[in-house]
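Me: I have a model open and would like to go through its packing and strand pairing. Please keep the answers short.

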Amino acid sequence: MDLKVNTHRHRSWAEPWRVKMVELLKMTTYEERKKALVEAGYNTFLLRSRDVYIDLLTDSGTSAMSDRQWAGMMLGDEAYAGSENFYHLEEAVKKYYGYKYLVPTHQGRGAEHIISKLLIKQGDHVPGNMYFTTTRLHQELAGGTFHDIIIDEAHDPENEHPFKGNVDLNKLDALVKEYGAHRIPYVSIATTVNMAGGQPISLANLRELREYTRKHGILIIHDMTRVAENAWFIKQREEGYAGKSVAEIVREICDLTDGATMSAKKDALVNIGGFLALNDPDLFDRARNMVVVYEGLHTYGGMAGRDMEAMAIGIGESVHDDHIRARVGQVEYLGNRLLAHDIPIVKPVGSHGVFIDAKKFLPTVSQDKFPAQALAAAIYLDSGIRTMERGIVSAGRNKKTGDHNYPKLELVRLTIPRRVYTQAHMDVVVESILEVYDQRSRIKGLKMVYEPKYLRFFQARFDSLS
Ligand code: F0G
């Protein structure tokens with residue numbers, strides 16, 4: 001028998017795996033959820049996991065590991081120094097990402113801390129394609145000022161630019177003219193851009209940026225937390241890349257940068273871990289010395305041997321086209337179902353989650369009443385689905401004036417863990433959002449009653465205004 005070869009294009013995004021073990025979840029009542037929400041100060045970060053049904057708080061550390069990764073956990077070499085698993089991880093980072101030197105850290109922010117301290121001097125300026133909370137904080141703590149140089153389109157949820165993670169080189173050039181290239185140690189480039197809604201940067205843009213920064217002696221430090229997802233979008237959207245594998249595109253992205261920070265809790269399919277990867281031997285030497293002060297010896301950096309083994313295996317799995325196609329496919333499925341019901345979300349649908357535009361969802365709640373925070377609370381109350389605020393609470397306060405930063409994007413993030421939930425779970429999410437949308441006139445916003453000094457979104461507490 002002979003059949004015409006069917007390309008993937010005609011098939012559903014269905015997962016290239018099957019389930020071997022399940023984790024039972026508790027279903028809660030409305031009264032139980034109301035009590036839990038009040039106790040959590042209307043902050044979904046302060047809920048107990050046992051009170052959550054579908055957990056879309058984050059895709060960080062929430063992936064399901066494969067049978068191979070679990071098998072790797074049994075191969076943990078827990079020697080204090082020179083663990084075999086470190087060398088496996090180093091090999092995987094070289095093979096799949098191409099960076100020469102590896103400094104392991106307990107998670108992404110450990111790497112951000114080290115690179116910021118090493119490269120930023122008091123009064124320096126760090127441009128980037130939109131801020132990320134922990135990344136910017138470490139840049140500021142090291143004495144730097146962050147500048148957003150992402151294209152304007154990224155701040156408009158309706159704009160369907162295929163690469164909303166791109167850098168506006170004119171914005172960068174203006175900073176270089178104002179402060180001088182010597183006050184800009186590096187450009188901070190994320191693949192994909194979390195706060196913009198999981199939006200990718202194109203290789204064409206990254207190449208132009210490389211050329212510009214080389215001319216001015218400025219480094220590019222790559223936040224590669226979701227690099228494989230970015231590569232998938234390049235394969236789908238950028239001319240000339242349809243025939244390349246995600247693994248090849250990932251290498252091409254990394255090769256255009258000088259070093260990287262990685263939160264392996266996302267793309268790399270592990271529950272904990274991260275690293276700093278570098279190409280310059282002197283910078284590596286300094287980073288390797290600093291890691292022993294803050295994280296642990298340079299062959300474990302805060303991770304157990306078994307964690308490093310699981311990560312080495314996870315990195316290989318994460319760049320498979322079939323894996324990424326299903327991963328992003330599931331997110332797009334959820335996004336497209338919400339769009340079909342005219343729920344206002346960031347377009348195009350991002351790689352790691354669907355971002356609801358809370359300003360449009362709750363047009364009568366002003367931004368100082370924390371509409372996205374209030375909407376996340378309402379969704380939890382309706383169904384036990386936990387989401388996260390990515391708006392004025394996350395944006396924090398202006399360092400100089402002390403006022404709230406008022407970001408253009410006021411979003412609720414429905415973040416999809418990798419290899420965890422089913423299509424039926426996604427359908428329940430749609431049902432709950434539609435229910436809350438019908439009742440949106442009852443949501444009046446929140447009042448902040450407790451505000452911590454750093455990264456306030458994690459621990460702030462609120463009271464309901466309705
Ligand atoms: N960079 C990006 C783009 C991230 O999304 C995160 C974490 C980090 C750096 C920091 O890494 O958590 O391992 O220290 N993002 C999580 C989230 C917390 O929910 O988006 P970490």
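Me: Which residues touch the most other members of the largest nonpolar core?
Reply: The model is predicted, and what follows is computed from it. Its largest nonpolar core holds 58 residues. Helix α8 (residues 227-237) supplies the largest share of this core, 6 residues. The members that touch the most others are Y97 and F275.

Me: How many residues are in the other core, the one that includes Y42 and V349?
Reply: That core lies apart from the largest one. Its members include A358 and Y421 as well as Y42 and V349. The count is 51 residues.

Me: Is T105 buried or exposed?
Reply: T105 is found in strand β1, residues 101-105. Beyond its neighbours within four places in sequence, it is in contact with residues including G110, I114, F275, L276, V291 and M303. A residue under 20% relative accessible area counts as buried. Because the relative accessibility of T105 is 0%, T105 is buried.

Me: Which residue offers the backbone oxygen that the side chain of T105 reaches?
Reply: The distance from the side chain of T105 to this oxygen is 2.9 Å. A polar contact requires N or O atoms within 3.5 Å. The backbone oxygen belongs to Q107.

Me: What is the strand order in the open sheet of 3 strands?
Reply: The pairing in this sheet is antiparallel. Strands β8 (353-357) and β9 (388-390) each pair on one side only, which makes them the edge strands. Neighbouring strands are turned by 35° against each other on average, direction ignored. The order is β8-β10-β9.

Me: Which residue of β10 is the bridge partner of I356?
Reply: Strands β8 and β10 (residues 411-415) pair in the antiparallel sense over 5 bridges. One of the bridge partners in β10 is L411, which is matched with D357. For I356, the partner is V412.

Me: Why is β8 largely enclosed by the rest of the structure?
Reply: From β8, G353, F355 and D357 point one way, and all of them are buried. V354 and I356 point the other way and are buried too. Strand β8 is largely enclosed because the number of its residues that are buried is 5 of the 5.

Me: At about what angle to β10 does helix α14 run?
Reply: Helix α14 covers residues 371-383. This helix lies across β8, β9 and β10. Its angle to β10 is about 40°.

Note on methods:
Residues are numbered from 1 along each chain as its sequence is written. This is a predicted model: local features need pLDDT of at least 70, side-chain atom pairs count only at pLDDT 80 or more; totals for chains, interfaces and linings use all residues. Side-chain values use heavy atoms; hydrogens and water are left out. Two strands pair if DSSP finds at least two bridges between them. Helices (H or I, at least four residues) and strands (E, at least two) are DSSP runs, numbered from the N terminus. Axes are lines fitted to C-alpha atoms, for helices over the stretch in contact, and angles run from 0 to 180 degrees between N-to-C directions. Contact means heavy atoms within 4.5 Å. Buried means under 20% relative accessible area, exposed over 50%, partly exposed in between (1.4 Å probe, protein chains only). A polar contact is a pair of N or O atoms within 3.5 Å; within protein, one must be able to donate a hydrogen and the other to accept it, and residues adjacent in sequence count only if both atoms are side-chain atoms. A nonpolar core is a set of buried Ala, Val, Leu, Ile, Met, Phe, Trp, Tyr and Cys residues joined through side-chain atoms within 4.5 Å.
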